[in-house]
Amino acid sequence: MQVRKAVITAAAPNQNRIPTQQLVDRQGKDKSALQLILEEVLSCGVEEICIVVRPGDQGSFEQASGDLVGSVRFVEQPEPIGYADAILRAKPFVADEPFLHLVGDHLYLSASEISCARQLVNVASEFTCSVSAVQSTRENKLPYFGIVSGTRVPRQEGVFEVQRVVEKPTPTRAEQELVTPGLRSGHYLGFFGMHVLTNDIIAALEQVVADESLTKPTLSDALDVLRARHKYMAFEVRGTRYNLGIPYGLLISQLAIALSGHDRDHILTELVDLLAQRNALVGDGGRDA
Amino acid sequence: MSNRLIDIIRSEDESLRHRSLESVVAEATTTQLLEHCRSLDAYRRHEENLYCRVRALFFLSSIHRYHLPRRLELEGARSESQLHNGLIPFGGYEHLLSRRFSEAIDDFLQTQDSAGPSDAISSALAQAYHQLGFQTLADQVRKSVRTVRGNQWMFRLGHPIDHPLRLRRELLAADPKRGAMPLLCETTAVRMDLSHSAWSDIFFLGMDYPAGARVLNISVDLGVRGRDDSPSPPIETYLRVIDEPVFRLASVDLNATAEVTTIGEMFDFARDYLGLLKAAVIAAGIVPPGLEGCGRPISELLAQLIGPGKGLELVSKINDIPKGSRLAVSTNLLGSLISILMRATGQIESLTGGLTESERRLVAARAILGEWIGGSGGGWQDSGGVWPGIKLICGAEAAEGDPEYGVSRGRLMPVHQVFDRRRASEQTRQKLQDSLVLVHGGMAQNVGPILEMVTERYLLRSEAEWGARQEAMTILDQVVAAIESGDIRQIGQATTRNFEGPLQTIIPWATNRFTDRLIQACRDKYGDQFWGFVMLGGMSGGGMGFLFDPAIKAAASDWLQKEMVQIKTQLQTALPFAMDPVVYDFSINDQGTWAQLRSGDDAVMPDRYYQLVLPNLLRTATRDLSPNRRSELQSIARRCADGQIASSASSKLLQSVLPHDESDERSDTSLHNLLHSIGFDAEQHEQIRADLKNGRIGLSQNRLSPSTTIRDVGPEHVVDLRQGCSLEEVKAGEQAIADGQVGVVTLAAGVGSRWTEGAGVCKALHPFNRFAGRHRSFLEVHLAKTRATLRSIGGAIPHVFTTSYLTDAPIREHLQRHEHFGFERGVEVSTGKSVGLRMVPTVRDLQFLWQETASQVLDQQQQKVRESVRAALMNWARTTGEASDYTDNVPNQCLHPVGHWYEVPNLLRNGMLHRLLQDQPSLRYLMLHNIDTLGANVDPGLLGAHIRRGADLSFEVITRRLEDRGGGLALVGGRPQLVEGLAMPDERIEFDLSYYNSMTTWIDIGRLLETFQLTRSELADTAAVDSAVRKLAKRLPTYITLKDVKKRWGHAQEDIYPVAQFEKLWGDMTALPEVECQFMVVPKRRGQQLKEQAQLDPWKRDGSAEYIDSLCDWRD
């Protein structure tokens, strides 16, 4: 299975400015967050990229794409009626091909030479089915992620056959329905924000978008439909995702990139300096966790 | 290792596994019993299966409690040698109190090995094995509750910032017009069970014997007959977001509100009356149990859960259903609160409407957790009100994947089969409603001890009780069949048979005099139209059901209401009633727990809530109120003006903010008038208060100086009559009885503080056990013994009951109603002349009692609750005023009898002794005994021993068992005397004393008068008698004691307060140098006392009840 296309969603309310933020990449070059995401996508052989944006955002996104703008097309989601609807807007773009999907507010750092997207596409090609990147997620993060449960595929490290998908479950439900054997207690397989989806997802998306009992249907809802009908896997990516949309998300992402790149020593020196001056700072507001 | 008992425990073959302990050990000798014990003890130490281990522990406990002592006594009687007394090592006792049961057992076993087996050490071992057994079971339930999937995460969370729950957004959408927050409301039914197959809903039973665990449980709505228009779900809970970062809790029935500001406060259950709400908040995962002790403010958690600056308000209302209704109101309230909180946080998917089966199961699992956290306990059927309609709840086998698999046969959580209309037709449901009268008899009793007894019986598989359990299971099938066929009469027959047969075979204490009389009255009044009786829950006396022919149900309900009140009035001085009986209207609830989201003008709390919070809101300056509070006040005003609040509720609202007129409360019966009228000694009272305040008297001052040498007595200091008296003594005694030389004095001034945990009833009149076909009181038992002596020997034995202000009228009235139980003459009442007024204890004494005196540590969670209660009580003492008069209760609970020493001088002061001597000049001796020393009778041998040895006072002492605490016979400075437990300079000394004081005393009247420096003729001179009594009283020590008293309020609510009182005790007569005392060691059964109701069951099972019966003649 060859993955030539990618869909990036960036249409959620309050999300439109995140991809345009400026960061410094591993090599010390100034880049927008969107550029870093696009580089990740292109690293795995994707040729065409579609970004789903809010009406009126296209200009700023084009600008933030820098010299990669040539590979990018835009579609708009007229109303913010859910994640599932946002992806469905790219239906004409994907046609009947499989595609890589990423969220526009996450950055990814691979723990190996192979980029996260490439790792995922490799697994999808091997199994010829939809695959979601996941990572072991502690239960206190459940309110932020879609969670899958599954069984390990023998002799395939980090690959799971998915049995359930639930968006932002309560820990109570997670413990009852979403425990995956082999993970530490209180840890679940949480979405990494990166998926390779076969064209089967479109029907599932259309089904959940049409379901009136669901308010703002999510991709997780569609994936739960998908896994009931088709083979669907999860893959524990060797890497880390950084959510830019949470408080200090941008700062932490930048630190993570910088500490894995050329300027590691410089940043470390600055951090030590900051820590040494900590006594002079006012208390931490009780957040001593 | 092969042992028949171990074979029984381990067997997979049901016919062998269900065999009883008795079938193996009934005929065993001491040596064989000890061999069984050795094998079982070795076995239980390495056995991994929980239930096998527990069963071995209960076998061991039972052998030591029931079989070994009897064997030792019999074999001791046969051998001529001196009986071995045996002492209990204090170290082991300390281990026992601190719940180090295994260490305690090792200590006791070591003593048994070195000193030989004895009654004393067996009593200690029995207790230690028993408690270890229950601890093992409780640990398993706790583990199971924690490991239920969906509960585990709550124990992992350690900091509020990691909180993984979020409040649903729907609850944050304020009304755009008025700003009112949406209000989530949940209504829940309570549950009624027609049969629980002999308490098979106890967790331990369901987990070991799932096939036998079945309950027929019905969700019902209630209304109080005559008060409410129609039945409605009795439980209502409310939740809303508030604009202050606190967790506000309110219970409108208990008139209690609290604002929780720290996470720690949420775990402080006894700080206020909101413990149940707090347990729900914890069990629902809002403040997960893992956060206990994290020391963070609750605002931090709320910020994570809802958002910065926001809080939650949780309100409960149970429509004033009284405690003890046996309808599991508290568990279902817990279920309702948990459900509403889980809906609000998305743990239950549906925000409104009913619940799915899996959601109900989750709520039930959390309710079990909540009960454990709150230190209470319930059965697994109790959250039945969360389910709809009629259902059969059954135990389930543990399967692979269950946390219980491999540990116990059954699962913690049962399965519920809800009956559809095919299984229980509409018509049947209606017929049941048309026939069954639900009542609350007025008694609110603790059912905990009964559940422990049931568990023990089950594990021992005693034949009669095991047979009864099988029968109860068949009866459940019959009840189910009757429901299915719609035959209500059949239900009544089955439930009555269940109550009168298997339930009482297993636990005789499931019934009481009150219930028996009610059932009899129904039969007498309605004959065939009375279809049957249903015991609800664990025991009768509180919530009960009576089935009548539908044609007479309405009339029978009215009649029953009156009849219950009448019987209660007759029995209320004897049995602990918490309230007047009521009759309920009920209907079957086919909805289960149900929620609604109200918004805008509909988002209003119940009227009673506003009566509760309005006074405080009005006292606060408007500018200090939060915007939500201000708008709420405006809304109340608007609704009053619009007439949306009923006029009665409006007037109550008004009353809540206006000052009360208290003149009505000051009636003639008020405490001070009463004190005045009964000759209370105010001067002495003030002296005691001053001494108490200054620390001259108090719990620590009760003790003898540490330099006093106290040793155990030797054989030369006692007369051992355990193996019988000589023929001469018996003859001398019989002669004295026949000549009318002896009288009996029964001390009946007490209100049995320990017996009813401070309920303040007359202990003498408590119908505690069935003898010869009906429940009889202590008083009746004592008279029956006197009757037996009179009938066998002849003569005249005057029998005097000494009373206090608290017991005098009830005893006189009781004797009169029963025509002195057939005694034409000789039954007398000696009215007490002394009364004290209780005081608020000093914090110093409370600390001494709770911190410096060795006392039983409770199971982990219960101990936490107890510590929280104690902190609250110390605060109460401090704020109310240490050593101030305790007057905040009904007068009878504020007064106290001043110790049994005074009861003998009272005989002199009130002229009773004078009159007795005039009526019966031959009278020379008195036998004085406590009301609870049931074995004390006018034994000719002991009387002869007293006469022939010529002592002034002969005290009967017995060998000590673990439960016999409170002093004993000791050599003090070389002289044998009775030392009160209160006076022991060091608690461990008591453990070195062989004999315990039974209090039964043979008195030589002449010598007693000499001690008072009086003559027979001077008895008529009141002034001389008073002065003599005062003189002697001064020479005896005054003890300060703390007693528990119950304060009743609301609807059968009870609070227990420790209060200070003073006492002088009879045993101290032995310390007077001029009084010649002798100490007679008597058989255990004669001197055994019943101090607590928990003793009743072992007392009945070890043959003591039979023995007492054999002393009595019931032919009145």
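**Notes on the predicted two-chain model**

1. Let me start in the middle of a sheet. Strand 7 of chain B is covered on both faces: B:G311, B:E313, B:V315 and B:K317 are buried on one side, and B:L312, B:L314 and B:S316 are buried on the other. Keep in mind throughout that this is a predicted model.

2. Why call strand 7 of chain B largely enclosed by the rest of the structure? The strand covers residues 311-317, and seven of the seven are buried, so the surroundings largely enclose it.

3. Now for what strand 7 of chain B pairs with. Strand 4 of chain B, residues 235-242, pairs with it in the antiparallel sense over seven bridges. One place to look is B:I242, whose bridge partner in strand 7 of chain B is B:G311.

4. Strand 5 of chain B (residues 247-251) runs parallel to strand 7 of chain B, and five bridges join the two. If you want to trace that register, B:F247 has B:L312 as its bridge partner in strand 7 of chain B, while B:A250 stands opposite B:V315. Strand 5 of chain B is itself mostly covered, with four of its five residues buried.

5. Strand 5 of chain B also pairs with strand 6 of chain B (residues 256-260), this time antiparallel and again through five bridges. B:S251 stands opposite B:A256 in strand 6 of chain B. The two strands form a hairpin with four residues between them, and there B:N255 takes a positive phi near 55°. That is a spot to inspect by eye.

6. On to the packing. The largest nonpolar core has 318 residues, and those touching the most other members are B:A128, B:A280, B:V281, B:I338, B:L341, B:V439 and B:V479. Taking B:I338 as an example, and leaving aside residues up to four places away in sequence, its contacts are B:A280, B:A283, B:A284, B:V363, B:R366, B:A367 and B:G370. Apart from that core lies another, of 79 residues, including A:I37, A:V41, A:A117 and A:V196.

7. Domains next. The domain assignment of chain B lists domain 1 (4-147), domain 2 (155-219 + 231-594), domain 3 (606-656) and domain 4 (724-842 + 882-960 + 1001-1073 + 1095-1111). Over C-alpha atoms, the centres of domain 1 of chain B and domain 2 of chain B are 35 Å apart.

8. How many residues of domain 1 of chain B are in contact with domain 2 of chain B? The count is 20 residues of domain 1 of chain B against 20 of domain 2 of chain B. On the domain 1 side, the elements giving two or more residues are helix 5 (50-78) and helix 8 (119-147) of chain B. Helix 8 of chain B gives the most, with nine residues. By class, that side of domain 1 of chain B divides into nine nonpolar, six polar and five charged residues.

9. As for the two chains, 17 residues of chain B are in contact with 14 residues of chain A. The chain B side of that interface has five nonpolar, seven polar and five charged residues.

10. Finally, confidence in chain A. Its average pLDDT is 91, and 96% of the residues score at least 70. There is one stretch to flag: over residues 285-289 of chain A pLDDT stays under 50, and the model has five contacts beyond four places in sequence for that stretch.

Conventions: Residues are numbered from 1 along each chain as its sequence is written. Chains are lettered from A and ligands numbered from 1 in the order in which they are written. This is a predicted model: local features need pLDDT of at least 70, side-chain atom pairs count only at pLDDT 80 or more; totals for chains, interfaces and linings use all residues. pLDDT is the predictor's confidence in each residue, from 0 to 100. Two residues are in contact if their C-beta atoms, placed from the backbone, lie within 7 Å. A nonpolar core is a set of buried Ala, Val, Leu, Ile, Met, Phe, Trp, Tyr and Cys residues joined through C-beta atoms within 7 Å. A residue is buried if 20 or more other C-beta atoms lie within 10 Å of its own, exposed if 12 or fewer, and partly exposed in between; C-beta atoms are placed from the backbone. Domain bounds come from an automatic or database domain assignment. Ala, Val, Leu, Ile, Met, Phe, Trp, Tyr, Cys and Pro count as nonpolar, Asp, Glu, Lys and Arg as charged, and the others, Gly among them, as polar. Two strands pair if DSSP finds at least two bridges between them.
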